[in-house]
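Biologist: I would like to learn how to read a model like this one, feature by feature. Could you take me through it?

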Amino acid sequence: MAEAPHLRFEGVTKRFKGPRRRSPPVLALDGVSFTLPPGRTLGLVGPDAAGKTTLMRIMAGLVEPDEGTVEVLGDPVAQIDRSQVGYMPQGGGLYAELSVRQNLELYARLRGIEPEESPERIAQLYRLTGLAGFESRPSGQLSGGMRQKLAMACAVVAAPRLMLLDEPSVGVDPVSRREIWQLAQELAGAGSSIVWTTSILDDAERCDELLLLHEGKVHYAGPPGGLAQRAAGRTYSRALGTARPRDAVQALLEQPEIVTAGIAGDRVHAVTRAAVPPGPDWQVAKPDADDGFAVSLDTGVVLPPSALAAAFPVRSADPAVPAIAAIGLSRRYGSFTAVQDISFSVSPGEIFGLLGPNGAGKSTTFRMLCGLLAPSGGRGTVAGRDLTVARAQAREALGYMPQKFSLYGDLTVAANLKFVAGAYGLSGSRAAEAIERVVGALGLEGYFASAAGALPLGTRQRLALGAAVLHTPPVLFLDEPTSGVDPLIRREFWHHINAIAARGTAVLVTTHFMNEAENCDRLMLINQSEAIAQGTPAELRRLARGMAGEPTLEEAFITLIRSQREEAAA
């Protein structure tokens, strides 16, 4: 007799109370139906607030549907055997103050496993995750990639038949993403199934099946190749030529016939609304899942010129005077060196990208240049102000969007923006105009009275970006601004970032998405606290070419990082 599906959803609907009194209920899921056979991996994708996390929580038995049928491992979800289902929530669900060992043992006991009675399983988890030797370290002090691996180990400590992983690779670098995917396959037992929620379509393409959700409804169900084929005949590319990459993309995004556009190596890539090339030099290109995603959710709305950028003054500062400069910056914590002798400069109007694995030292470098952390050696300048003697003045000249959402979760969007405006010296009509501008430009009108902590992830990121640019600063620091958001929101963010830079604002950005890094004028690659490569995206690809043929920027990133690690270990 064939084994029952590990998941069966039939006509599942879920509503939640409206965010305000007398507001209508929010329809999170609307008649969702699908099955997941044993031994298969299902990729769950969709834009912000599509219903993905609600669906995962129903699978885990944490939320009851209002209508429809849900079966898990062949039984009604109400009878779920929790030892057979491993659930990794978005954010990991770790206790930051507890050590690696304490977190793992706590989750083991919650699953009915005494660690001392299962030493082989615990040892296997330490070995597969690479956490052996870190057992005593508090989980809050781990790099992003290591935290995700620990969270996954905690979720699957009981070797469940069904693994529910909500954004397991969010906020981690390309090397760690591949390692986390491989770890999930190794941790899954024979015949186990995996549900993998992700905003990264490269990850989704590795799954056996995809489920695309939007506004609570299934918009696609099938193999990854089928989603990509939705853009067949509407995907084109041409040689970049002498155009600056971000200028070429920006010009395309504001054309009404273009759905989305980006840089792929030395070529410009575009998806059109009709099967017509954007111009005479364009060639038909093979579509990918990102292209199919964009076509499936295209509303026909054209990206207007950035209203955020329009408020920035056109700055024509002397390019010989850097807007940002790091001169031999170093930061040590006792015997541990987080950043070692980092030097670079960013001109007005330039976008400079810091790349590197989790824990390489990028955010520490950011914090030193923002005046939030004193360097152990070297110095930094922002807008001509030396951070060692004029830290307060330097902070006034910059906007900072940190990696971790740092606004007040209990305050409304309106209250947060008013607070930030005051902190930047904006008051009265100037503050009101600035707030109205960012709210309109970033689509925050419907959330103005909502608590910031209750916002969907993409909306929180929009709010954080809006807060960083309220005062139209000459220098902008963006630490992983698009982490965890879907490809369409990433397109929107870079539309604003490119337009802001075009008016003369210097932008320093970190990102784990190499297709985003192609928008940068120059890049620095950091690993193990040191700079290992610097140049344009094309120069970094050429640097790795002898190692990996004709690499993409992501392949170049992986090649250069692994080469440096091998040299350090030799």
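Biologist: Let's begin with charged pairs. Which side chain does Arg379 meet in a salt bridge?

Modeller: The general idea is that side chains of opposite charge can pair when their charged atoms come close. Here, in a predicted model, Arg379 pairs with Asp386, with 3.2 Å from N to O. Arg379 is partly exposed, at 37% relative accessibility.

Biologist: Which residues are joined into one network by salt bridges that share partners?

Modeller: That network is made of Arg177, Arg178, Asp203, Arg206 and Glu554. A search of the whole structure gives 23 salt bridges.

Biologist: Take two of the other pairs, then. How far apart are the closest N and O atoms of Arg109 and Glu114?

Modeller: They are 3.2 Å apart, and the pair forms a salt bridge. Arg109 is partly exposed at 41% relative accessibility, and Glu114 is partly exposed too, at 30%. Another salt bridge links Asp247 with Arg244, at 3.0 Å from N to O. Asp247 has a relative accessibility of 36% and Arg244 one of 34%. Because partly exposed covers the range between 20% and 50%, Asp247 falls in that class, as does Arg244.

Biologist: Now the interior. Which residues touch the most other members of the largest nonpolar core?

Modeller: The background is that in soluble globular proteins, nonpolar side chains tend to be buried together. In this model the largest nonpolar core has 57 residues, and Leu417 and Leu470 touch the most other members. Setting aside residues up to four places away in sequence, Leu417 touches Ile435, Val438, Val439, Leu463, Ala467 and Leu470. Another core of 49 residues lies apart from that one, and Met146, Leu165, Cys207 and Ala289 are among its members.

Biologist: And nonpolar residues on the outside? Which residues form a nonpolar patch on the surface?

Modeller: Tyr95, Leu106 and Leu110 do, with about 290 Å² of accessible area together. Tyr95 sits in the loop between strand S6 (85-88) and helix H2 (100-110). At 40% relative accessibility, Tyr95 is partly exposed.

Biologist: Let me try a loop residue next. Is Pro551 buried or exposed?

Modeller: Pro551 has 8% relative accessibility, and buried means under 20%, so Pro551 counts as buried. Its place is the loop between helix H18 (537-548) and helix H19 (553-569). Beyond its neighbours within four places in sequence, Pro551 is in contact with Arg541, Ala544, Arg545 and Ala556. For a sense of distance, take Pro65: 486 residues separate it from Pro551 along the chain, and their C-alpha atoms are 47 Å apart.

Biologist: Finally, the overall view. How many helices and strands does the protein chain have?

Modeller: There are 19 helices and 24 strands. The radius of gyration is 24 Å, close to the 25 Å that the globule rule gives for 570 residues, so the chain is as compact as a globular protein of that length. Along its principal axes, the C-alpha trace spans about 75 × 55 × 55 Å.

Biologist: What share of the residues counts as buried?

Modeller: Of the 570 residues, 54% do. The chain exposes about 23600 Å², with carbon and sulfur atoms supplying 50% of that area. As for contacts with a separation of 6 or more, 71% come from residues 24 or more positions apart.

Terms used. Residues are numbered from 1 along each chain as its sequence is written. This is a predicted model: local features need pLDDT of at least 70, side-chain atom pairs count only at pLDDT 80 or more; totals for chains, interfaces and linings use all residues. Side-chain values use heavy atoms; hydrogens and water are left out. A nonpolar core is a set of buried Ala, Val, Leu, Ile, Met, Phe, Trp, Tyr and Cys residues joined through side-chain atoms within 4.5 Å. Buried means under 20% relative accessible area, exposed over 50%, partly exposed in between (1.4 Å probe, protein chains only). Contact means heavy atoms within 4.5 Å. A salt bridge is a side-chain nitrogen of Lys or Arg within 4 Å of a carboxyl oxygen of Asp or Glu. Helices (H or I, at least four residues) and strands (E, at least two) are DSSP runs, numbered from the N terminus. Patches are made of residues with over 30% relative accessible area and no salt bridge: like charges are joined within 9 Å, nonpolar side chains (Val, Leu, Ile, Met, Phe, Trp, Tyr) within 5 Å. Accessible areas come from the Shrake-Rupley method with a 1.4 Å probe; for residues, only the protein chains shown count as cover. The radius of gyration is taken over C-alpha atoms; the globule rule is 2.2 Å times the number of residues to the power 0.38.
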